[in-house]
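Got your viewer open? Load the model and keep the selection box handy for a short walk through the helices.

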Amino acid sequence: SATWSMFWRNIENYTKSIFDGTLDFLLVQPIDIQFRLSVRHISFTNVPRLIIGVVLLALNLPPVTFSQVLMYIALIALSMGVIYALWFFTATFTFWVEKLDNITEIVPALRRIWSMPADIYSGPISAVLTIIIPLALITTTPTRLLLHQFRWQELVALLVFFVILFGTTRAFFHYSVKKYSGIGT
């Protein structure tokens, strides 16, 4: 619910701004354009779902320390960062493919992968989803921390993936903006 509240409307408006020309106006503002596109709209409609989720989590947890709770919050933020970078990267293809209105649906469709525990995947699929493109670790890593089954290798894989993906996303976005000719041409 936090991911939907923070990212959905922004990513959707980002792709629309490319098609309708409002990106032209945003490009001349004295603020980092990717940041502006990412935080323009935050929806609070999913707050009840978030509260219910936190309450259910708290009621069903084994005893945890304050440091584990803080680490869990940091892991959730890292996981949300991976989702954001993947979603923004995917949406940036809008610069290159004319009238690709539904590209923002690709990342939400991947939710089924990261909503399952990483342990259900085996063989080559497991290697792909936990090492190469560690989508299976997005929810598994924070959950394992709370269940006292934390694996540092998973944190490292997720962190490395985030750093590479975020850097690639920024570079691809700035390259795409340079090639963007605006609505008027």
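Is Ser79 buried or exposed? Select Ser79 before reading on; keep in mind that this is a predicted model. Ser79 comes out buried, because its relative accessible area is 3%, under the 20% cut-off for that label. You'll find this serine in helix H5. Now show what surrounds Ser79: setting aside neighbours within four places in sequence, its contacts are Ile138, Pro142 and Leu158.

Two of those names take us to the next stop. Ile138 and Pro142 are among the buried residues of H9, so select residues 137–146. Eight of the 10 residues in this helix are buried, so H9 is largely enclosed by the rest of the structure. The full buried set is Leu137, Ile138, Thr140, Thr141, Pro142, Arg144, Leu145 and Leu146. Note that an arginine, Arg144, is on that list. Step just past the end of H9 and check the backbone at His148, where phi is positive, at about 60°.

Back to H5, residues 66–92, this time together with H1, residues 2–20. Their axes lie 10 Å apart at an angle of about 15°. With an angle under 35 degrees counting as roughly parallel, H1 and H5 therefore qualify. The crossing is right-handed. To see the contact, show Ala2, Thr3, Trp4, Met6, Phe7, Trp8, Ile11, Tyr14 and Thr15 on the H1 side, and Met80, Ile83, Tyr84, Trp87, Phe88, Ala91 and Thr92 on the H5 side. Colour them by class and you get 13 nonpolar, three polar and no charged residues.

Swap H1 for H10 and keep H5 selected. Here the angle is about 35° and the axes are 9 Å apart. H5 passes H10 in a left-handed crossing. This contact again has no charged residues, with 19 nonpolar and six polar.

Next, the largest nonpolar core. Which of its 34 residues touch the most other members? Select Tyr14, Leu23, Leu37, Trp87, Phe88, Phe95 and Phe173. The elements giving two or more residues to this core are H1, H2 (22–27), H3 (33–39), H5, H9 and H10 (152–179). H5 gives the most, with 11 residues.

Last stop: zoom in on Leu23, one of those well-connected core members. Ignoring residues up to four places away in sequence, Leu23 touches Ser17, Ile18, Ile33, Leu37, Phe95 and Tyr180. Leu37 and Phe95 should look familiar, since both are in the core selection you just made.

Conventions:
Residues are numbered from 1 along each chain as its sequence is written. This is a predicted model: local features need pLDDT of at least 70, side-chain atom pairs count only at pLDDT 80 or more; totals for chains, interfaces and linings use all residues. Side-chain values use heavy atoms; hydrogens and water are left out. Axes are lines fitted to C-alpha atoms, for helices over the stretch in contact, and angles run from 0 to 180 degrees between N-to-C directions. Helices (H or I, at least four residues) and strands (E, at least two) are DSSP runs, numbered from the N terminus. Angles under 35 degrees count as roughly parallel, over 145 as roughly antiparallel, 65 to 115 as roughly perpendicular and the rest as oblique. A crossing is left-handed if the near helix is turned anticlockwise from the far one by less than a right angle, and right-handed if clockwise. Contact means heavy atoms within 4.5 Å. Ala, Val, Leu, Ile, Met, Phe, Trp, Tyr, Cys and Pro count as nonpolar, Asp, Glu, Lys and Arg as charged, and the others, Gly among them, as polar. Buried means under 20% relative accessible area, exposed over 50%, partly exposed in between (1.4 Å probe, protein chains only). A nonpolar core is a set of buried Ala, Val, Leu, Ile, Met, Phe, Trp, Tyr and Cys residues joined through side-chain atoms within 4.5 Å.
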